[in-house]
Amino acid sequence: TRPEHPPRWRSPLIEIVLALRSMKTSARDAVPILLGRIRALRLDLQVLILQTVFELGASPDEVTPLATEHFDAAIGQLASGHGIQQLPVQRRIVQDAGRLLLETDIAAACRQRDHLRPWLTSQEPDQLLAALIGIEGVAAVAEITVSDLIPLVAHSDPRVRQQSIWTLGRI
């Protein structure tokens, strides 16, 4: 009999990543290989690989600098207005990289929060939106920003209003 819903096709890379993740730390030898080839991938796939190498046993020292770089790159794309066309992808990159920072180096996550906090007073909606998405990405350490976020719930830009509500909800 045919399945009612055939499985969705996934790329070979995703299949390999899923297989490695199921092997846990016994696949630790794959970490240097994956890290050596990470730059050849799209940014969203690079974050997936970073999550995988951390699960396989890579040290925080190996993962944190790359997670910070990816977080910054996605925030930069959003702040410039270029990433807005791919908002769901950029948001996922920021959230995944932020989650990695929270797992690997709380101080690095706090530095990201502190870097973005002044942006919450920006008059530029794209920069405000980028800051809100970034703060949401490190929400576990963002309680200090609540007083900065509350006025943004009444912002004139509906994207900023909506994102400020989501960010407050995550905190």
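A residue is called exposed when its relative accessible area is over 50% and buried when that area is under 20%, with partly exposed residues in between. These terms are used below for a predicted model.

The protein contains 9 helices and 0 strands, and its elements, taken from the N terminus, run α-α-α-α-α-α-α-α-α. Along the principal axes, the C-alpha atoms fill a box of roughly 50 × 45 × 25 Å. Of the 171 residues in the protein, 46% are buried. The accessible surface amounts to about 9300 Å², and carbon and sulfur atoms account for 56% of this surface. When contacts between residues at least 6 apart in sequence are considered, 67% of them join residues at least 24 apart. The protein carries 18 positive and 19 negative charges, and the mean positions of these two sets are 5 Å apart.

Helix H1 covers residues 12-23. Its 12 residues should span 16 Å at 1.5 Å a residue, and the distance of 17 Å between its end C-alpha atoms agrees with this. Ile 14, Val 17 and Leu 20 are the buried residues of H1. Seen down the helix axis, these buried residues fall within an arc of 125°, so they line one face of H1. In general, an α-helix has 3.6 residues a turn, so residues three or four places apart point the same way. The cover over the buried residues of H1 includes H2 and H3. On the face turned away from the buried side, H1 carries the exposed residues Pro 12 and Ser 22. Just after H1, Lys 24 adopts a positive phi of about 55°.

Helix H4 is formed by residues 60-80 and has 21 residues. From its first C-alpha to its last, H4 reaches 30 Å, close to the 30 Å expected at 1.5 Å a residue. The buried residues of H4 are Val 63, Thr 64, Leu 66, Ala 67, Thr 68, His 70, Phe 71, Ala 74, Ile 75, Leu 78 and Ala 79. These residues pack against helices H2 (31-37), H3 (43-55), H5 (87-104), H6 (106-116) and H7 (125-137). Just after H4, a positive phi of about 90° is found at Gly 81.

Two residues that follow H4 in the sequence illustrate the surroundings of this helix. Ile 84 is placed in the loop between H4 and H5. Its relative accessibility is 23%, so Ile 84 counts as partly exposed. With residues up to four places away in sequence not counted, Ile 84 touches Leu 78, Asp 126, Leu 129 and Arg 159. One of these contacts, Leu 78, is a buried residue of H4. The C-alpha atoms of Ile 84 and Ala 130 are separated by 9.2 Å, although the two residues are 46 residues apart along the chain.

Gln 90 lies in helix H5. With a relative accessible area of 6%, Gln 90 is buried, as this value is under 20%. Leaving aside neighbours within four places in sequence, Gln 90 is in contact with Ala 74, Gln 77, Leu 78 and Gly 83. Ala 74 and Leu 78 are among the buried residues of H4. Leu 78 is thus in contact with Gln 90 and also with Ile 84.

Key:
Residues are numbered from 1 along each chain as its sequence is written. This is a predicted model: local features need pLDDT of at least 70, side-chain atom pairs count only at pLDDT 80 or more; totals for chains, interfaces and linings use all residues. Side-chain values use heavy atoms; hydrogens and water are left out. Helices (H or I, at least four residues) and strands (E, at least two) are DSSP runs, numbered from the N terminus. The expected span of a helix is 1.5 Å times one less than its number of residues. Buried means under 20% relative accessible area, exposed over 50%, partly exposed in between (1.4 Å probe, protein chains only). Contact means heavy atoms within 4.5 Å. Accessible areas come from the Shrake-Rupley method with a 1.4 Å probe; for residues, only the protein chains shown count as cover. Lys and Arg count as positive and Asp and Glu as negative; His and the chain ends are not counted. The place of a charge is taken as NZ of Lys, CZ of Arg, CG of Asp or CD of Glu. The arc is that of the directions from the helix axis to the C-beta atoms.
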